[in-house]
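Please open the structure in your viewer and keep the selection tool at hand. The tour proceeds one selection at a time.

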Amino acid sequence: MNMTAVSDFNQVIQYGGFGAASRATGQSKASLSRRVRELEESLGVRLIERGIRPLRMTDEGAVLHARTDSQFGAIAEALQDVKAGLGRPGGRLRISAPLLFTNWTLGPLISAFIKAYPDVVPEVTTEDRFVDLFADEYDVVIRANPSPQDKLVGRCFLRNRLILVAPPTLPQPAAGADNIAASTFPAVMRTGTGDDDVWSVVDPLDGRTRLFYPEAVLRLSSPISIRDAVYAGAGAALIPMTIVADDIETGRLVSWGMSTQPIIEAWVLHASRRLVSPKISAFINFICDYFPDNMRKGVTPPEIRETKRSQ
């Protein structure tokens, strides 16, 4: 089987026609058409229905495309990397990232990355939905607390905890019996939480665990929006430490204690079955080095290691 012909066939499908593929790849329309026809003749089947718009594959063409597109795409990228210079990152880098991470720090991070690797062109999609790295054609995905799965590998680049913060003008409930808050207090809570939630936090002064009983005055889905509501004096809230650390240091917010909930881990993931191109390796190493060591280790630093993870 002619690998070049298969690659050309997949490009025609990707761009939706011979003309569009010709403009995108720089190859002549006649050459693309000839190679696809030669591929059909070698296989003894028709792969594309001629004379039909928009372009439509035959059943045999759909099977070939589904089973070869990602593999041949990876090979094509590897050949481009080698041609450009072995080990030199370059080309489009497709990234999927969650909303909170994008709003909090992705802009400065990506700006620093392209300064370090000017030949790489990141293309970031912000989404909190589950994405299929293979089907959605991403190079890397960034996810919080991914579950183990064999198809992807990655590295943890950030560990985070929730912290109970409040505006300085809001008095902290006094501790009652068994270190339980003696009264409720106005709270900004996540959408979907219940009215009977109890917040368990470690007191920053004496290290003892305290229980707080929040009274919801507002519910929001975004931690950034929750933080802004706390700024405005709406109430106290549990918020990821990384996005309020500067505000606590400057006194804009005060800490009532660190939550006892499990650490939130942020991972950068890529496909284990694809060739890892220099641009992917460069981004993974860059994002892991971008955050200070204490932010990677979190409050209780486990060993950072590469392991198989999923979204």
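How many residues has helix H8, and what does it reach from its first C-alpha to its last? Select residues 278–290: helix H8 has 13 residues and reaches 18 Å, close to the 18 Å expected at 1.5 Å a residue, where the expected span is 1.5 Å times one less than the number of residues. Helices (H or I, at least four residues) and strands (E, at least two) are DSSP runs, numbered from the N terminus.

This is a predicted model, in which local features need pLDDT of at least 70 and side-chain atom pairs count only at pLDDT 80 or more, while totals for chains, interfaces and linings use all residues. Residues are numbered from 1 along each chain as its sequence is written, and side-chain values use heavy atoms, leaving out hydrogens and water.

Within H8, colour the buried residues (under 20% relative accessible area, 1.4 Å probe, protein chains only); among them are Ile 280, Phe 283 and Ile 287.

Next, select Phe 283 alone. Leaving aside residues up to four places away in sequence, its contacts (heavy atoms within 4.5 Å) include Leu 93, Leu 109, Ile 142 and Val 268.

Now display the largest nonpolar core (buried Ala, Val, Leu, Ile, Met, Phe, Trp, Tyr and Cys residues joined through side-chain atoms within 4.5 Å). Of its 23 residues, those touching the most other members include Phe 101, Phe 157 and Phe 283. H8 gives the largest share of this core, seven residues.

Finally, move to Arg 143 in strand E3 (residues 140–144). Its side chain makes a polar contact of 2.9 Å with that of Ser 96; such a contact is a pair of N or O atoms within 3.5 Å, one able to donate a hydrogen and the other to accept it, and residues adjacent in sequence count only if both atoms are side-chain atoms.

Terms used:
Buried means under 20% relative accessible area, exposed over 50%, partly exposed in between (1.4 Å probe, protein chains only).
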